[in-house]
Amino acid sequence: MNAATKMASGLALAAILATPALAGPDDDNLIVNGEIEMITETAAPAHMEYVDTIYSGWRFRSDETQVVQTDDFDNPGMIWVEAAGEVWETADGSEGKSCASCHGAVDEAMKGVRAVYPKWNDERGEVTTIEMEVNNCRENRMGADKWKYAGGDMTNMVALISSVSRGMPVNVAIDGPAQATWEAGKELYYTRTGQLELSCANCHEDSYGMMIRADHLSQGQINGFPTYRLKNTKLNSVHARFKGCVRDTRAHTFAPGSAEFVALELYVASRGNGLSVEGPSVRN
C-alpha cells in the first residue's frame with residue numbers, strides 16, 4: 001500500500017471514529033400488530049468478548065422508521081411475504097409439487113426455523129443457510145430450477161419463512177461440527193479489508209451509536225433480515241447486505257452463497273442469539 005492510500009485509509013477511519021456519538025440505541029419497545037413482543041435488547045452471548053449488551057438494529061432507527069415495522073399493514077416488506085405465500089402453495093417443476101406438498105402450512109411447518117439458521121446439516125456435511133435448503137428442495141424434491149441466491153424469489157421466500165418465527169429468540173448453534181465454520185466467520189468479521197482497511201467490527205462493534213454519512217451505525221445484527229430498506233425500496237437479503245458492506249470498504253467482495261459469506265452469516269447470526277426474529281424488518 002502506498003503512502004497516499006494509507007493516508008486516505010487513516011482519514012476515512014478517523015472521520016468515522018471522530019464523529020460525535022449520539023445517545024446510542026433508544027429505549028423504545030417493539031411490539032408488532034399489538035401482539036408480537038420483540039426482544040430488542042439482551043445480554044450479549046458468552047462468546048462475545050467486547051460487547052456486554054446486544055441491540056436490534058430497530059433501536060437505532062428514527063421514530064418515523066421504527067413505527068413502519070409495528071404494523072403489517074404499514075410494513076412494505078409484507079407485500080413480498082404475501083407473494084411468497086402464494087408461491088408456497090403453487091406447484092413447480094417436473095414433480096408437480098409445491099412447498100406445501102411436503103411441508104404443509106407454512107405457519108406451522110416453518111415456525112422456529114429462522115431462529116436456528118444457519119445450522120449444521122449432517123446429510124450435506126456442512127453448515128447450510130435457509131437459501132441453500134430452499135434450493136435443495138426445489139432441485140431435488142420438486143425438480144424445479146434453482147433460484148438466484150440473493151434474487152427476489154429467494155429473498156421473498158426467506159422473508160415468508162422468517163415472518164412465522166417473529167418474536168422467537170435467535171438460537172444459532174456454534175458448537176460441534178459447526179464450530180470450524182463459525183471460527184472462519186469470526187476471522188472474516190475481525191479482518192480489515194479493502195483500501196479503507198476496515199473490518200465489520202470497526203463499524204458495528206467499535207463505533208455503533210455513531211454516525212457514518214447520514215446513517216446511525218447499529219451493531220449490524222441480522223435478526224431482522226430479510227429487511228425492507230428505505231434506501232432501495234425492496235427486500236434485502238443478508239448476503240446482499242454483506243456484499244454491499246465489503247464493497248464499501250473498497251475491497252473485492254464475495255458472492256452471495258459463497259462459503260465465505262455462509263461462514264460470516266453463521267458468526268454474525270450467533271452475535272444476535274437472544275434477540276427476536278424480526279424479518280421482514282424495516283431499516284434505512
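This is a guided tour of a predicted model, moving from a small group of strands to two pockets and then to some unusual points in the backbone.

**The open sheet**

Begin by selecting residues 227–229, which make up strand S9, and then add strand S10 at 234–236 and strand S11 at 281–283. Together these three strands form an open sheet with mixed pairing, in the order S10-S9-S11. Because S10 and S11 stand at the edges and each has a single partner strand, one side of each is left without a neighbour in the sheet. If you turn the view, you can follow how neighbouring strands of this sheet are rotated against each other, by 40° on average when direction is ignored. Strands of a sheet pair through backbone hydrogen bonds, either parallel or antiparallel. For S9 and S10 the sense is antiparallel, and the pairing runs over three bridges; to look at one bridge, select tyrosine 228 together with its partner in S10, leucine 235.

**The largest pocket**

Next, select His204, Leu217, Arg241, Cys245 and Asp248, which are the lining residues nearest the centre of the largest pocket. This pocket has a volume of about 1,300 Å³, and its lining is made up of 46 residues. Which element gives the most to this lining? Helix H10, with six residues, does so, and you can show this helix by selecting 238–248. Other elements that each supply at least two residues include helix H1 (3–18), helix H8 (179–190), helix H11 (259–271) and strand S8 (215–216). Strands S9 and S11, already on display from the sheet, also each supply at least two residues to the lining. If you colour the lining by residue class, you will find 21 nonpolar, 16 polar and nine charged residues.

**The second largest pocket**

Now move to His103, Glu133, Val134, Cys137 and Arg141, which lie nearest the centre of the second largest pocket among the 26 residues that line it. About 520 Å³ of space lies in this pocket. To see the elements that give two or more residues to its lining, select helix H4 (99–103), strand S5 (119–121), helix H6 (130–140) and helix H7 (152–163). Of the elements in the lining, H6 gives the most, with six residues. By class, the lining of this second pocket has 14 nonpolar, five polar and seven charged residues.

**Two cis peptide bonds**

Select tyrosine 117 and proline 118, which are joined by a cis peptide bond with omega of about 5°. Proline 118 sits in the loop between helix H5 (106–109) and S5, the strand that also gives residues to the lining of the second largest pocket. Then select glycine 279 and proline 280, where another cis peptide bond has omega of about 0°. Here proline 280 belongs to the loop between H11 and S11, so to speak the way back towards an edge of the sheet.

**Two positive phi angles**

Finish with two residues that have a positive phi although neither is a glycine. Glutamate 197, in the loop between H8 and H9, has a phi of about 50°; because its relative accessibility is 35%, glutamate 197 counts as partly exposed. Arginine 250, in the loop between H10 and H11, has a phi of about 60°, and its relative accessibility of 53% means that arginine 250 counts as exposed.

How values were computed. Residues are numbered from 1 along each chain as its sequence is written. This is a predicted model: local features need pLDDT of at least 70, side-chain atom pairs count only at pLDDT 80 or more; totals for chains, interfaces and linings use all residues. Side-chain values use heavy atoms; hydrogens and water are left out. Two strands pair if DSSP finds at least two bridges between them. Helices (H or I, at least four residues) and strands (E, at least two) are DSSP runs, numbered from the N terminus. Axes are lines fitted to C-alpha atoms, for helices over the stretch in contact, and angles run from 0 to 180 degrees between N-to-C directions. On a 1 Å grid over the protein atoms alone, a cavity is a set of points where a 1.4 Å probe fits but cannot get out, and a pocket is an open set with protein on both sides within 12 Å along at least five of seven lines; lining residues have an atom within 4 Å of a point. Grid points are joined across faces, edges and corners, and a volume is the space filled by probe spheres set on the points. Ala, Val, Leu, Ile, Met, Phe, Trp, Tyr, Cys and Pro count as nonpolar, Asp, Glu, Lys and Arg as charged, and the others, Gly among them, as polar. Buried means under 20% relative accessible area, exposed over 50%, partly exposed in between (1.4 Å probe, protein chains only).
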